[in-house]
Amino acid sequence: PIDGQQDTVSTENPTSAPSIAPTARATSRPTSAPTSKPTSSATSAPTPSPITSATASPTAVPILQIIDFGADPDVIMSRCAGDCDKDADCEEGLICYQRDAGDDIPGCKGNLNGNSDYCVFPQ
């Protein structure tokens, strides 16, 4: 209780407009309409919906060492692995990066094998 007052106040006859200042005592039950201004203190529970804004900077993707299985390998390849011929040769979420001799492989480092193509994240 505040200064000997009761813990709650009846809201049997609520006003039609919001109050300018908060009441000195809590109401016995929640009101049916939201307040016109945010509260001055934080809630104790987290927000139930996810954050929809992006982070200030993206998460860095590590540079991986190139792995070359040679022509027509019989395996599904991970990132920076080759020689792939089509996206289906790569793990899910990767594409087969078709390159010309001498082109670098995005996100990969190491010795390249001639015209081999390698699995990478889509750009």
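**Exercise 1. Which backbone nitrogen lies 2.7 Å from a polar atom of the side chain of aspartate 89?**

Solution. The model examined here is predicted.

Step 1. Locate the residue: aspartate 89 belongs to the loop between β5 and β6.

Step 2. Find the partner of its side chain: the nitrogen in question is that of aspartate 85, at 2.7 Å from a polar atom of the aspartate 89 side chain.

Step 3. Consider the wider surroundings. Apart from neighbours within four places in sequence, aspartate 89 is in contact with Val75, Ile76, Met77, Cys84 and Cys119.

**Exercise 2. Determine how many salt bridges the whole structure holds, and classify the partners by accessibility.**

Solution. Step 1. Recall the principle: side chains of opposite charge can pair when their charged atoms come close.

Step 2. Search the whole structure; one salt bridge is found.

Step 3. Identify the partners. Lysine 86 pairs with aspartate 89, and their closest N and O atoms are 3.2 Å apart.

Step 4. Classify aspartate 89. Its relative accessibility is 16%, and the cut-off for buried is under 20%, so aspartate 89 counts as buried.

Step 5. Classify lysine 86. At 49% relative accessibility, the residue falls below the limit for exposed, which is over 50%; lysine 86 therefore counts as partly exposed.

**Exercise 3. Establish the pairing of the bonded cysteines in sequence order.**

Solution. Step 1. Count the links: the structure holds three disulfides.

Step 2. Assign the partners. Cysteine 80 is bonded to cysteine 108, with 1.9 Å between the sulfur atoms. Cysteine 84 is joined to cysteine 96, S to S 2.1 Å. Cysteine 90 forms a disulfide with cysteine 119, the sulfur atoms again being 2.1 Å apart.

Step 3. Number the bonded cysteines along the protein chain; the pairing reads 1-5, 2-4, 3-6.

**Exercise 4. For each disulfide, state the handedness, the parts of the chain that are linked, and whether the cysteines are buried or exposed.**

Solution. Step 1. Take cysteine 80 and cysteine 108. The torsion about their S-S bond is about -85°, so this disulfide is left-handed. The pair links distant parts of the chain, 28 residues apart: cysteine 80 sits in the loop between β4 (67-68) and β5 (81-82), and cysteine 108 in strand β7 (residues 108-109). Cysteine 80 and cysteine 108 are both buried.

Step 2. Take cysteine 84 and cysteine 96. Here the torsion is about 95°, so the disulfide is right-handed. Cysteine 84 is in the loop between β5 and β6 (95-97), while cysteine 96 is in strand β6, and the pair links distant parts of the chain, twelve residues apart. Cysteine 84 and cysteine 96 are buried.

Step 3. Take cysteine 90 and cysteine 119. With -80° about the S-S bond, their link is left-handed. Cysteine 90 lies in the loop between β5 and β6 and cysteine 119 in strand β8 (residues 118-120), so parts 29 residues apart in sequence are tied together. Cysteine 90 and cysteine 119 are likewise buried.

**Exercise 5. Which residues form a nonpolar patch on the surface with Val75?**

Solution. Step 1. Locate valine 75: its place is in the loop between β4 and β5.

Step 2. Classify the residue. At 40% relative accessibility, valine 75 counts as partly exposed.

Step 3. Name the patch. Ile67 and Phe69 join Val75 in it, and together the three have about 250 Å² of accessible area.

Step 4. Relate the patch to Exercise 1: Val75 is also among the contacts of aspartate 89.

Conventions: Residues are numbered from 1 along each chain as its sequence is written. This is a predicted model: local features need pLDDT of at least 70, side-chain atom pairs count only at pLDDT 80 or more; totals for chains, interfaces and linings use all residues. Side-chain values use heavy atoms; hydrogens and water are left out. A disulfide is a pair of cysteine sulfur atoms within 2.5 Å. Helices (H or I, at least four residues) and strands (E, at least two) are DSSP runs, numbered from the N terminus. Buried means under 20% relative accessible area, exposed over 50%, partly exposed in between (1.4 Å probe, protein chains only). Patches are made of residues with over 30% relative accessible area and no salt bridge: like charges are joined within 9 Å, nonpolar side chains (Val, Leu, Ile, Met, Phe, Trp, Tyr) within 5 Å. Accessible areas come from the Shrake-Rupley method with a 1.4 Å probe; for residues, only the protein chains shown count as cover. A salt bridge is a side-chain nitrogen of Lys or Arg within 4 Å of a carboxyl oxygen of Asp or Glu. Contact means heavy atoms within 4.5 Å.
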